[in-house]
Amino acid sequence: MSRVDRSRLGTFFGVLIGLVVLFAAVSTVTNIGMIQLAPLYMFTPLVAAAVTVWRSTVSFSAIGLRLGRYRWLAVAAVAPIVLAYVVLGLALAVPGITFDPGADLVPGLTLPSGVLGTLAALGLVLVLGVTVNAVLAFGEEAGWRGYLLWELAPLSFWRASLLIGAIWGLWHAPIIIEGYNYPSFPVVGVAAMTAATITFSFVYTYLVVRARSVLAAVFFHGVFNASGGLIVVYTTADTATLSELIASPVGVASMVVFLAVAALIYYTGTPDLTRSAVGDELQAEQAEYLGA
C-alpha cells in the first residue's frame with residue numbers, strides 16, 4: 001500500500017519555504033513589492049516539485065504532467081466561465097452590490113454591446129485563460145495538483161484536497177499582506193484567501209482525477225483567473241467590505257458557489273483519489289483517454 005513519503009515532503013517544503021524566504025528577502029533589499037514579483041513567485045511550487053522529483057525515483061508523468069483525458073481538459077477550460085457567472089449572479093443578489101454594464105473587461109478595449117459583446121468577452125477570457133494565464137498557473141499547479149496531490153493521495157480525496165487548499169492559501173500570505181486581492185483587509189485577507197483556496201481545492205482535485213492530468217487544474221486556474229475579471233469589473237459595491245470580501249473572485253460569493261459544487265461532488269459520488277488516478281503509469285491507457 002502506498003504511503004506519504006516524509007522525506008520527499010521534506011524536500012518539497014524545504015525548497016518551497018526557502019524560495020518564499022528568498023523572495024521576501026529580495027523584496028526587502030530591492031524595495032520591489034511582492035505583488036510586482038508575483039509572476040516569478042508563482043513558479044516556486046513548480047521549482048519545489050521539480051527538485052523533489054529529480055531527487056527521487058518518481059517520474060514527471062507519474063505526478064500528472066501528461067495530456068490525460070482530452071474531454072475533461074475541455075471541461076476544465078469552460079467550467080470556470082460558468083462558475084464565474086454564477087458567482088456574479090450571487091454577488092448581485094447581495095444588497096449594496098449593483099451591476100455596472102459600462103465597465104471594460106480589459107482597460108482601453110471596448111467590446112461591442114449586446115450578445116456580440118458577451119460572446120467576445122467569453123472568447124477573450126477563454127483565450128487568455130488557456131494561454132498567458134495558463135503559463136503562470138502551471139507554475140503553481142505543477143506543485144499543488146502535480147507533485148503534492150500525488151504525494152498526499154493516500155490521505156483520501158477530501159483530506160488531501162483540504163490540506164493542499166490550506167497550504168495554497170497560506171503560500172499567498174506574503175502577497176496578500178501587501179494588499180493583493182484584499183487591499184483594505186491585508187491581515188484578514190490571509191484568512192479569507194486560505195478559506196477561498198480550501199473551498200476551491202475540492203473542485204481542482206476532482207478535475208485532475210477525472211482528467212488524469214495536472215493540465216486540468218492549469219486550465220481551470222488560468223481561465224478562472226481571467227473570468228474573475230467579469231466579477232470585478234461588472235459589479236459596483238457600496239463598501240470595501242462588499243467589494244473585496246463578497247463580490248470578488250476570492251470572496252464569500254465564490255466560496256459559496258465552490259462549496260455547492262463540492263457538495264454536488266460528494267452527493268454524486270466522490271472519485272477515488274489514488275496515485276494512479278493522478279497520472280501514475282498510465283501510458284498504455286492513452287487511447288482510452290481520447291474518448292473518455
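**Exercises on a nonpolar patch and the nonpolar cores**

Val78, Val82 and Val86 form a nonpolar patch on the surface, together offering about 240 Å² of accessible area (Shrake-Rupley method, 1.4 Å probe, with only the protein chains shown counting as cover for residues); members of such a patch have over 30% relative accessible area and no salt bridge, and their nonpolar side chains are joined within 5 Å. A salt bridge is a side-chain nitrogen of Lys or Arg within 4 Å of a carboxyl oxygen of Asp or Glu. The model is predicted, local features needing pLDDT of at least 70 and side-chain atom pairs 80 or more, while totals for chains, interfaces and linings use all residues. Residues are numbered from 1 along each chain as its sequence is written, and side-chain values use heavy atoms, without hydrogens and water.

**Exercise 1.** Locate Val86 and classify its accessibility.

*Solution.* Start with the helix: Val86 lies in helix 4 (residues 70–92), helices being DSSP runs of H or I with at least four residues, numbered from the N terminus. Next, take the cut-offs, under 20% relative accessible area for buried, over 50% for exposed and partly exposed in between. Because its relative accessibility is 43%, Val86 counts as partly exposed.

**Exercise 2.** Describe the largest nonpolar core and the contacts of Phe220.

*Solution.* A nonpolar core joins buried Ala, Val, Leu, Ile, Met, Phe, Trp, Tyr and Cys residues through side-chain atoms within 4.5 Å. The largest has 75 residues, and Phe220 is among those touching the most other members; helix 9 (residues 186–211) gives the most to this core, with 13 residues. Beyond four places in sequence, Phe220 is in contact (heavy atoms within 4.5 Å) with residues including Ala76, Leu83, Tyr204 and Phe258.

Definitions and conventions: Buried < 20%, exposed > 50% of the residue type's maximum accessible area, 1.4 Å probe, protein only. Helix = DSSP H or I, 4+ residues; strand = E, 2+ residues; numbered from the N terminus. Patch = residues over 30% accessible without salt bridge, like charges linked within 9 Å, V, L, I, M, F, W, Y side chains within 5 Å.
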